[in-house]
Amino acid sequence: MITSEQLSTKETITAFFIDLQDRICQSLEGADEVGTFREDAWERPGGGGGRSRTLTNGAVIEKGGVGFSAVHGEATESTLRSLNLTEPAEFYATGVSIVLHPHNPMVPIIHMNVRYFEMSSGQCWFGGGIDLTPHYVVEEDARWFHQTLKSVCDRHDPAYHAKFKPWADDYFYIPHRQETRGIGGIFFDYLKPADAAHKADLFAFVQDVGNTFAPIYTHFMHKNRDLPFGEREKQWQLLRRGRYVEFNLVWDRGTKFGLETNGRTESILMSMPPQANWAYDFRPESGSREEQTLTQLRKGIDWV
């Protein structure tokens, strides 16, 4: 009989993430119909490594990254402080991280990360989430996206969505712009198991989140890929990509962790869009779709 401990060892969790990366890449290639992923296998000097896969100039995806990593080594002082640890400790971290930037401004940017951390001190936890960044907020799409994530949460704990949706609103917020990066989704971190059975339950939830990614994004690829757009929409897309860059470089904890632990820079920054613009004091026309989108980039919208 397979025990709860065997279901959720770091080796089992790592194997799931490797397979998840494979399956997501296959689904995205099938939906794009043109682009294929290039793989760069890399090793981290301090321990471990990963596989960074990028797709550029597909039919739908202009630039996409699907990364897997499993790294280990001595935790930095800043990492120890963030965990309220005073003694030196080794860490093990594994996960899958994805960002996709489409050609068509009517197709949204999407991000997912699912991860597992384990410390030699005995602590371990899961984290992750999925969030959507439409260039133009469409209420029908936003409601479908959030309802899909709520259904995932409800399959595991009816309290999850009410906790993880506001957490995403708070996390994916750009304080210096006073706006959210997109329409949020779910975000969770430091989900620490109380015992082996609880760890298996948390891992099952993380697996469900990971498995939901490809159906969500291929839905938007098929639905929105052929919607018309012009130069105005492309310029707006570039401005929204600029906001994406600002969040990732200034506020994202994953980016900071990767750089602090001497991760592979190309893999850490593969979430950056191929192009982005910044316009001084840009203000959209009154009553425009751009202005309407800005009014919906805020915390606390109940999409479901």
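**Helix packing, sheet and enclosed space**

Helix α4 passes helix α5 in a right-handed crossing (the near helix is turned clockwise from the far one by less than a right angle). The model is predicted, with local features needing pLDDT of at least 70 and side-chain atom pairs pLDDT 80 or more, while totals for chains, interfaces and linings use all residues. Residues are numbered from 1 along each chain as its sequence is written, and side-chain values use heavy atoms, without hydrogens and water. Helix α4 covers residues 139-154 and helix α5 residues 160-171 (DSSP runs numbered from the N terminus: helices H or I, at least four residues; strands E, at least two). Their axes lie 9 Å apart and meet at an angle of about 135° (lines fitted to C-alpha atoms, for helices over the stretch in contact; angles run from 0 to 180 degrees between N-to-C directions). The two helices are therefore oblique to each other (neither under 35, over 145 nor 65 to 115 degrees).

Turning to the strands, an open sheet is built from seven of them in the order β1-β2-β3-β4-β5-β6-β9, with antiparallel pairing (at least two DSSP bridges between paired strands). Strands β1 and β9 (184-191) are the edges, each pairing on one side only. Direction ignored, neighbouring strands of this sheet are turned by 10° against each other on average.

At the β1 edge, strand β1 (residues 38-43) runs antiparallel to strand β2 (residues 48-56), and six bridges join them. Glu 43 stands opposite Gly 49 in β2. Four residues separate β1 from β2 in their hairpin, where Gly 47 in the turn has a positive phi of about 140°. Strand β2 also pairs with strand β3 (residues 61-74), again in the antiparallel sense, over nine bridges. Here Arg 51 faces Phe 68 in β3. The hairpin of β2 and β3 likewise has four residues between its strands, and Asn 57 takes a positive phi near 55°. Further along the sheet, 10 bridges link strand β4 (residues 90-102) to strand β5 (residues 109-119) in the antiparallel sense. Gly 95 has Arg 115 in β5 as its bridge partner.

Empty space comes next. One cavity of 30 Å³ or more is present (on a 1 Å grid over the protein atoms alone, points where a 1.4 Å probe fits but cannot get out; a pocket is an open set with protein on both sides within 12 Å along at least five of seven lines, and lining residues have an atom within 4 Å of a point). The largest cavity has a volume of about 40 Å³ (space filled by probe spheres on grid points joined across faces, edges and corners). Its lining includes Lys 165, Asp 169, Thr 180, Gln 296, Arg 298 and Trp 303. By class, the lining of the largest cavity holds three nonpolar, five polar and three charged residues (nonpolar: Ala, Val, Leu, Ile, Met, Phe, Trp, Tyr, Cys and Pro; charged: Asp, Glu, Lys and Arg; polar: the others, Gly among them).

The second largest pocket offers about 370 Å³ of space. Of the 19 residues that line this pocket, Arg 177, Glu 179, Arg 243, Phe 282 and Leu 294 lie nearest its centre. Helix α7 (residues 231-250) gives the most to this lining, with six residues. Nine residues of the lining of the second largest pocket are nonpolar, three polar and seven charged.
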